[in-house]
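Student: I should like a close look at one part of this model, with the criteria behind each term made explicit. Please treat the part as a connected whole and then place it in its surroundings.

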Amino acid sequence: MTRRKVYEGKAKILFEGPEAGTLIQYFKDDATAFNNQKKGVISGKGVLNNRISEYIMTKLEEIGIDTHFIKALNMREQLIKAAEIIPIEIVVRNVTAGSLARRFGVEEGLPLPRPLIEFYLKSDELNDPLVSEEHIFFFQWAEVPEIEEIKIQAYRINDFLSGLFLGAGLKLVDFKIEFGRVYDEEGNSYLIVADEISPDSCRLWDIKTGEKLDKDRFRHDMGGVEEAYQEVARRLGVLMDAGPIASITAKKKTKDNPLGKKVKKTAKAKPDNDNPKKKK
Ligand code: AIR
Ligand code: ASP
């Protein structure tokens with residue numbers, strides 16, 4: 001069965017969906033950083049991000065935030081609503097890190113007095129530059145009321161996700177979200193959260209040790225990349241029916257060694273001793 005590829009990005013592919021207004025989002029293992037300057041593969045990432053993003057989008061829906069997620073299809077694919085993507089990346093930060101720390105010469109890990117929202121233009125050619133709200137309106141990348149709505153939703157998502165991750169022993173340092181425009185029957189547009197929310201798009205630090213459990217491990221060659229993504233999925237409780245991935249994680253994780261760095265990925269399946277209640 002051939003299906004039409006609609007778009008291929010760095011970490012995902014979009015295919016035509018079964019019905020008008022739908023798309024199939026396929027999660028790849030490919031990873032890029034610093035706008036394609038660094039390329040690699042994080043084995044199993046696509047499967048984990050598919051599950052993590054499904055979980056988070058579903059939780060957002062539960063609190064009344066519209067997202068593109070419709071349903072899970074398989075290990076790497078989900079059915080989503082097609083939307084006109086607003087070409088702006090919205091970053092919300094709670095703690096200094098990454099490009100904020102670099103750009104302004106501040107140390108990483110300083111808590112911000114209140115969440116900071118930044119906008120970046122989605123443009124590989126221009127290296128996703130930081131833009132102001134004025135730029136967004138001037139170049140008509142989004143309308144004034146849309147940006148107002150995006151800010152309200154972004155703060156709300158930040159509050160909600162900070163709590164969700166805290167419950168999993170993770171500090172939400174910062175994250176990036178994208179919004180898309182969809183139209184109702186009367187032709188009025190409204191916004192939905194699109195793209196993905198995963199360790200590719202969030203900085204997540206272990207609440208106790210400060211250990212980084214996100215794409216920064218790949219960006220900065222820190223090792224334990226696959227294990228970090230698995231750990232996030234495990235802590236969110238989304239690995240239960242993930243088959244071989246669950247077995248890999250079960251083999252590795254211990255309380256003293258949450259990243260299970262020394263265990264090879266080829267390890268055979270073994271019951272999850274840490275959590276006897278959990279069924280595979
Ligand atoms: N992000 C930004 N562009 C792509 C992504 N995934 C995310 C990062 C980080 C936040 O946005 O993963 O969580 C801020 O990134 P930075 O590099 O601007 O500090
Ligand atoms: N995803 C972006 C890139 O491919 C930014 C990043 O994650 O560092 O470069």
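Which residue in E3 does Lys-12 stand opposite?

Tutor: Lys-12 stands opposite Phe-27 in E3. The model is predicted, so local features are given only where pLDDT is at least 70 and side-chain atom pairs only at pLDDT 80 or more, while totals for chains, interfaces and linings use all residues. Residues are numbered from 1 along each chain as its sequence is written, and chains are lettered from A and ligands numbered from 1 in the order in which they are written.

The pair of Lys-12 and Phe-27 belongs to the contact between E2 and E3, two antiparallel strands joined by five bridges. Strands (E, at least two residues) and helices (H or I, at least four residues) are DSSP runs numbered from the N terminus, and two strands pair if DSSP finds at least two bridges between them. Along these strands, Leu-14 stands opposite Gln-25 in E3. In a regular strand, side chains point alternately to one face of the sheet and the other.

E2 and E3 form a hairpin with five residues between them. Gly-21 in that turn has a positive phi of about 85°. With 11 C-beta neighbours inside 10 Å, Gly-21 counts as exposed; the cut-offs, applied to C-beta atoms placed from the backbone, are 20 or more others within 10 Å for buried, 12 or fewer for exposed, and partly exposed in between. Leaving aside residues up to four places away in sequence, Gly-21 touches Lys-81 and Ala-82, where contact requires C-beta atoms, placed from the backbone, within 7 Å. Gly-21 also lies 9.0 Å from Val-182, C-alpha to C-alpha, although 161 residues separate them in sequence.

The hairpin is part of an open sheet of five strands, ordered E1-E2-E3-E7-E6 with antiparallel pairing. Its edge strands, each pairing on one side only, are E1 (5-8) and E6 (69-74). Neighbouring strands are turned against each other by 25° on average, direction ignored; such angles are taken between axes, lines fitted to C-alpha atoms (for helices, over the stretch in contact), and run from 0 to 180 degrees between N-to-C directions.

The remaining pairings can be followed from one edge to the other. E1 joins E2 (residues 12-16) through three bridges, and the hairpin between these two strands has three residues in its connection. Within that pairing, Tyr-7 has Leu-14 as its bridge partner. On the other side of the E2 and E3 hairpin, E3 and E7 are antiparallel over five bridges, with Thr-22 bridged to Lys-81. E7 (residues 77-81) is in turn joined to E6 by four bridges, among whose partners are Phe-69 and Ile-80.

A helix lies against this sheet. H1 (residues 45-62) lies across E3 (22-27), E6 and E7, at about 150° to E6. Of the 18 residues of H1, 13 are buried, and the helix is mostly covered. The expected span, 1.5 Å times one less than the number of residues, is 26 Å for H1, and its end C-alpha atoms are 25 Å apart, which agrees. Just after H1, Gly-64 has a positive phi of about 90°.

The part also meets a ligand shell. Lys-10 is one of the residues surrounding ligand 2, together with Thr-32, Ala-33, Phe-34, Asn-35, Asn-36, Lys-215 and Arg-219; a residue belongs to such a shell if its C-beta atom, placed from the backbone, lies within 6 Å of the molecule. By class, this shell has two nonpolar, three polar and three charged residues. Here Ala, Val, Leu, Ile, Met, Phe, Trp, Tyr, Cys and Pro count as nonpolar, Asp, Glu, Lys and Arg as charged, and the others, Gly among them, as polar.

For context, ligand 1 is surrounded by 14 residues, the closest being Gly-98, Ser-99, Lys-176, Ser-201 and Arg-203. Elements giving two or more residues to that shell are E9 (88-95), H2 (98-104), E12 (170-183) and E14 (202-206). The shell around ligand 1 divides into five nonpolar, three polar and six charged residues.

Definitions and conventions. Contact = placed C-beta atoms within 7 Å.
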